[in-house]
Amino acid sequence: MSLLLQVSDPHFGTEQAPVVEALVAMARACRPDLLVLSGDITQRARRAQFRAAAAFCERLEVPRQLVVPGNHDIPLFNLPTRLLSPYRWHRQAFGDELEPVLDTPDWLVVGVNTTRPWRHKHGEVSPRQVARVAERLAAARPGQLRVVVTHQPLDVPEPADEVDLARGHARAVPAWVEAGADLVMGGHIHLPFVRPLSLRYPGLARRAWCVQAGTAVSHRLRGQLPHSVNLVRYEAGAGEARVERWDHDGVAGFRCAEVFVLTLDRG
């Protein structure tokens, strides 16, 4: 069995040092095989903030990582950089690929860049991205858990968050599920939840799930929700995946707070 750690919205520049240390300790204890960092890595897309985030990821000691940008990872006030080189510091910290892919015996994880330099906050999935990701999912090896990672969510449970759905979500999700996606992961709204995608998209070709992460280490918490991350456990060819939400308890560190056992559709 292998383990994926999902960390979202750390907003380096607003991180809380004790929570950072607790997350490093948790990762070293759990020893995940993959790290997914689903956007809003920094607060203001500054070089020093990206350097701090990259150093944090290195301290987690996870052998494979997939990082996608969030809207906060594009400069907001530096307009020339936003227009001419919006991902400059992201690329310096995490590499040139903004839509990376992890391909292992247990996992196929496909990153999608939903940010757009001309948008302040809202995300988008283009027709070209829909087609590219569907083609990659359809080529997955038997037994792999097939995961798509965005920053802006493709599903939300609360009416107030509807405005934050990525543009193009209604086209993307059915196409990706039909092509083989088991999970779609995201962040942005700082609200952790797991729920069937069929609640928003009735008539999907297969059973699939939305897995959203909360606030990892930033003081930008949503209401009274604690800092949290997700762990996903999976073994190649298994009929289910286990998603664990780990919350920071404010004292001792991160602890498993809730477990979801997701039945996979291999029909």
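**Figure 1. His11 and the loop that follows strand S1.** At 0% relative accessibility, His11 counts as buried in this predicted model. The residue sits in the loop that runs between strand S1 (2–7) and helix H1 (17–30). Its backbone is also worth inspecting in this view, for phi of His11 is near 50°, a positive value in a residue other than glycine.

**Figure 2. Helix H1 and the exposed residue that comes just after it.** For the 14 residues of H1, a rise of 1.5 Å a residue predicts a span of 20 Å, and the end C-alpha atoms are indeed 20 Å apart, so the expected and the computed values agree. The buried residues of this helix are Val19, Val20, Ala22, Leu23, Val24, Met26 and Ala27, and they pack against S1, helix H2 (47–60), S10, S11 and S12. Just after H1, Arg31 takes a positive phi of about 55°, although Arg31 is not a glycine. Arg31 belongs to the loop between H1 and strand S2 (34–38), and with a relative accessible area of 65% it is exposed.

**Figure 3. Thr104 in the loop between strands S4 and S5.** Thr104 is found in the loop that links strand S4 (101–103) to S5, where its relative accessibility of 8%, being under 20%, counts as buried. Leaving aside residues up to four places away in sequence, Thr104 touches Arg64, Arg141 and Gln144.

**Figure 4. The buried and exposed sides of helix H5.** Helix H5 comprises 12 residues (residues 127–138), which at 1.5 Å a residue should span 16 Å; its end C-alpha atoms are 17 Å apart, in agreement with that expectation. Gln129, Val130, Val133, Ala134 and Leu137 are the buried residues of H5. Because they cover an arc of only 125° around the axis, they lie on the same side of H5. The cover over these buried residues includes strand S5 (107–111), strand S6 (145–149) and helix H6 (169–179). On the other side of H5, the exposed residues are Pro127, Arg128, Glu135 and Ala138.

**Figure 5. Val232 and its surroundings in strand S10.** Val232 is a residue of strand S10 (residues 228–234), and with a relative accessible area of 1% it is buried. When residues up to four places away in sequence are not counted, the residues that Val232 touches are Ser2, Leu3, Leu4, Trp107, Leu145, Leu183, Met185, Ala241, Arg242 and Val243. For orientation across the model, Val232 and Tyr201 are 31 residues apart in sequence, while their C-alpha atoms are 23 Å apart in space.

**Figure 6. The antiparallel pairing of S10, S11 and S12.** Strand S11 (residues 240–248) has seven of its nine residues buried, so the rest of the structure largely encloses it. S11 pairs with S10 in the antiparallel sense over six bridges, and with strand S12 (residues 254–263), again in the antiparallel sense, over nine bridges. Asp247 of S11 can serve as a point of reference in this view: Ser228 stands opposite Asp247, and Asp247 in turn stands opposite Arg255 in S12. In the hairpin of S10 and S11, five residues lie between the strands, and Gly237 takes a positive phi near 85°. The hairpin of S11 and S12 likewise has five residues between the strands, and there Gly250 takes a positive phi near 85°.

**Figure 7. The whole chain, as a setting for the close-up views.** The chain contains six helices and 12 strands. Its radius of gyration is 17 Å, close to the 18 Å that the globule rule gives for 267 residues, so the chain is as compact as a globular protein of that length. Taken along the principal axes, the C-alpha atoms fill a box of roughly 45 × 45 × 35 Å. Buried residues make up 58% of the 267 residues, and the accessible surface comes to about 11,200 Å², of which carbon and sulfur atoms account for 51%. Among the contacts in the chain with a separation of 6 or more, 73% join residues that are 24 or more positions apart.

Definitions and conventions
Residues numbered from 1 in each chain as written. Predicted model: local features only at pLDDT ≥ 70, side-chain atom pairs only at ≥ 80, totals over all residues. Heavy atoms only, no water. Helix = DSSP H or I, 4+ residues; strand = E, 2+ residues; numbered from the N terminus. Expected span 1.5 Å × (residues − 1). Buried < 20%, exposed > 50% of the residue type's maximum accessible area, 1.4 Å probe, protein only. Arc of directions from axis to C-beta. Contact = heavy atoms within 4.5 Å. Rg over C-alpha atoms; globule rule 2.2 N^0.38 Å. Areas by Shrake-Rupley, 256 points an atom, 1.4 Å probe, with all protein chains shown as cover. Pairing = 2+ DSSP bridges.
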